[in-house]
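Work through the exercises below with the sequence and the model open. Each task is followed by a solution in steps.

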Amino acid sequence: MSWSIRIGRVAGTEVKVHLTFFLLLLWYAMDAYKEGGTVAAVDTTVFMLVLFACVLLHEFGHIFMARHFGVRTPDVMLLPIGGVARLERMPEEPKQELLIALAGPAVTLAIALLLYAGLRLAHVSLAFDDAIAQAPLLVRVMYLNASLLVFNLIPAFPMDGGRVLRSLLAMRLGLVNATRIASYVGQGLAVLLGIFVLYTAASGGDWNPILLLIALFVYAGARAERTMVQSRAMGSSGLTAGGVMDTRFVSIPIHARLERAAELLLPGDGREFPVVDNGGRIEGVLTRENLIRGLAERGPESTVGEAMSARIPILTVEVPFELAIKALRASGLPALPVVDVHGAVLGMVTAEGVAAMLGKRK
């Protein structure tokens with residue numbers, strides 16, 4: 001099941017909305033309805049839609065600046081925590097990333113300034129006090145855009161401010177070191193934000209799930225970006241699947257019974273094993289999860305071939321490290337086999353092994 005729907009295409013970029021966005025919209029509308037009835041619910045819904053239209057414009061600031069440097073953006077996703085534009089590749093120079101990162105906040109600033117000028121010309125009160133929640137729609141939109149501008153520029157990688165920090169660091173330290181520093185700063189700020197949200201709620205203050213989601217997004221996003229950059233750097237250095245594979249493995253015949261596989265798999269430290277035919281050629285991978293599921297659904301007399309993961313990506317020793325990692329992640333498996341030209345297994349590229357190698361290079 002896809003968790004996003006496509007709502008249109010703008011200048012070659014698909015605009016998608018995550019289904020959780022609609023849940024957020026419904027939640028806010030229902031909360032407003034309880035407080036002020038139908039009028040309040042409609043007002044809140046319109047405000048949220050206008051706000052996310054501003055977020056979309058913010059993302060297209062990034063998109064058009066990236067396109068100026070020849071970087072395509074296949075799609076942009078609207079989430080409850082904001083928008084995410086997916087770049088086809090990283091900018092070639094730190095200065096390019098700096099300008100791409102600043103382009104979104106520049107759009108947000110322009111929206112806030114235009115609203116400010118228009119509201120002043122219309123002689124609308126811009127008083128900022130406890131009654132701001134009851135202020136006219138465009139006044140609220142102006143103030144929230146100003147708040148989003150400040151929030152986005154916090155150096156919490158991979159938010160815009162964090163990318164600005166990374167690009168500035170990269171000018172002196174290089175991309176890998178800059179990403180490592182910026183990602184740790186982002187994760188540290190995410191932890192502090194999460195603690196603040198939980199402490200506020202525990203102290204009787206307002207519970208803000210959106211800020212907690214942002215903290216989780218920043219923490220996970222920083223880690224993923226750090227891993228991606230490190231993987232790319234290792235691939236560009238000439239490292240291949242053959243250089244990271246684990247050669248300590250035990251193969252299991254495809255016609256072996258699951259009870260035999262359990263004897264080999266469960267007592268050991270290994271979590272996955274290559275499955276081979278009578279000629280020793282790869283047929284699939286048996287994971288610990290495959291085994292447990294097979295024993296529960298088919299029983300110990302069933303074969304390894306009935307429980308294994310088949311039609312898996314096959315790696316060779318020459319496959320670049322970055323491509324091997326992409327194949328491993330896309331497969332959803334904890335390990336992939338590395339084989340020779342005849343299909344015989346030479347080793348296994350495992351998620352644990354890769355994580356350990358990346359950890360050594362921090």
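**Exercise 1. Two helices that meet**

Task: Find out how H1 and H3 are oriented to each other, and which residues make their contact.

Solution. This is a predicted model.

Step 1. Locate the helices: H1 covers residues 19-68 and H3 covers residues 137-152. Their axes come within 10 Å and cross at roughly 40°.

Step 2. Classify the angle. Angles under 35 degrees count as roughly parallel, and 65 to 115 as roughly perpendicular. H1 and H3 are therefore oblique to each other.

Step 3. Give the hand of the crossing: for H1 and H3, the crossing is right-handed.

Step 4. List the residues in contact. H1 contributes Asp43, Val46, Phe47, Val50, Leu51, Cys54 and His58. From H3 come Leu137, Arg140, Val141, Leu144, Asn145, Leu148 and Asn152.

Step 5. Sort the residues of this contact by type: nine are nonpolar, three are polar and two are charged.

**Exercise 2. A salt bridge between two helices**

Task: Describe the salt bridge of arginine 166 with glutamate 225, and decide whether each partner is buried or exposed.

Solution.

Step 1. Recall the principle: side chains of opposite charge can pair when their charged atoms come close.

Step 2. Check the distance. A salt bridge requires a side-chain nitrogen of Lys or Arg within 4 Å of a carboxyl oxygen of Asp or Glu. In the pair of arginine 166 and glutamate 225, the closest N and O atoms are 3.3 Å apart.

Step 3. Place the partners in the chain. Arginine 166 lies in helix H4 (residues 160-173) and glutamate 225 in helix H6 (residues 209-236). The partners are 59 residues apart, and the pair links distant parts of the chain.

Step 4. Assess the burial. Buried means under 20% relative accessible area. Arginine 166 has a value of 0%, so arginine 166 is buried. Glutamate 225 has a value of 12%, so glutamate 225 is buried too.

**Exercise 3. Partly exposed pairs and a network**

Task: Describe the salt bridges of glutamate 259 with arginine 257 and of glutamate 14 with arginine 6. Which residues are joined into one network by salt bridges that share partners?

Solution.

Step 1. Take glutamate 14 and arginine 6, whose side chains meet at 3.2 Å, N to O. Glutamate 14 is partly exposed because its relative accessibility is 22%. Arginine 6, at 49%, also counts as partly exposed.

Step 2. Take glutamate 259 and arginine 257, with a distance of 3.6 Å, N to O. Glutamate 259 has 33% relative accessibility and counts as partly exposed. Arginine 257 is partly exposed as well, at 43%.

Step 3. Name the network: Arg6, Arg9, Glu14, Lys16, Asp75 and Arg86 are joined by salt bridges that share partners.

Step 4. Give the total: the count of salt bridges comes to 15.

**Exercise 4. Alanine 351 and the whole chain**

Task: State where alanine 351 is found and what touches it, then describe the chain.

Solution.

Step 1. Alanine 351 is in helix H12, residues 351-360. At 37% relative accessibility, alanine 351 counts as partly exposed.

Step 2. Leaving aside neighbours within four places in sequence, alanine 351 is in contact with Leu328 and Pro334.

Step 3. Compare with aspartate 43: alanine 351 and aspartate 43 are 308 residues apart in sequence, and their C-alpha atoms are 48 Å apart in space.

Step 4. Turn to the chain, which has 12 helices and 10 strands. Its C-alpha trace spans about 85 × 50 × 40 Å along the principal axes. Of the 362 residues, 41% are buried.

Methods:
Residues are numbered from 1 along each chain as its sequence is written. This is a predicted model: local features need pLDDT of at least 70, side-chain atom pairs count only at pLDDT 80 or more; totals for chains, interfaces and linings use all residues. Side-chain values use heavy atoms; hydrogens and water are left out. Axes are lines fitted to C-alpha atoms, for helices over the stretch in contact, and angles run from 0 to 180 degrees between N-to-C directions. Helices (H or I, at least four residues) and strands (E, at least two) are DSSP runs, numbered from the N terminus. Angles under 35 degrees count as roughly parallel, over 145 as roughly antiparallel, 65 to 115 as roughly perpendicular and the rest as oblique. A crossing is left-handed if the near helix is turned anticlockwise from the far one by less than a right angle, and right-handed if clockwise. Contact means heavy atoms within 4.5 Å. Ala, Val, Leu, Ile, Met, Phe, Trp, Tyr, Cys and Pro count as nonpolar, Asp, Glu, Lys and Arg as charged, and the others, Gly among them, as polar. Buried means under 20% relative accessible area, exposed over 50%, partly exposed in between (1.4 Å probe, protein chains only).
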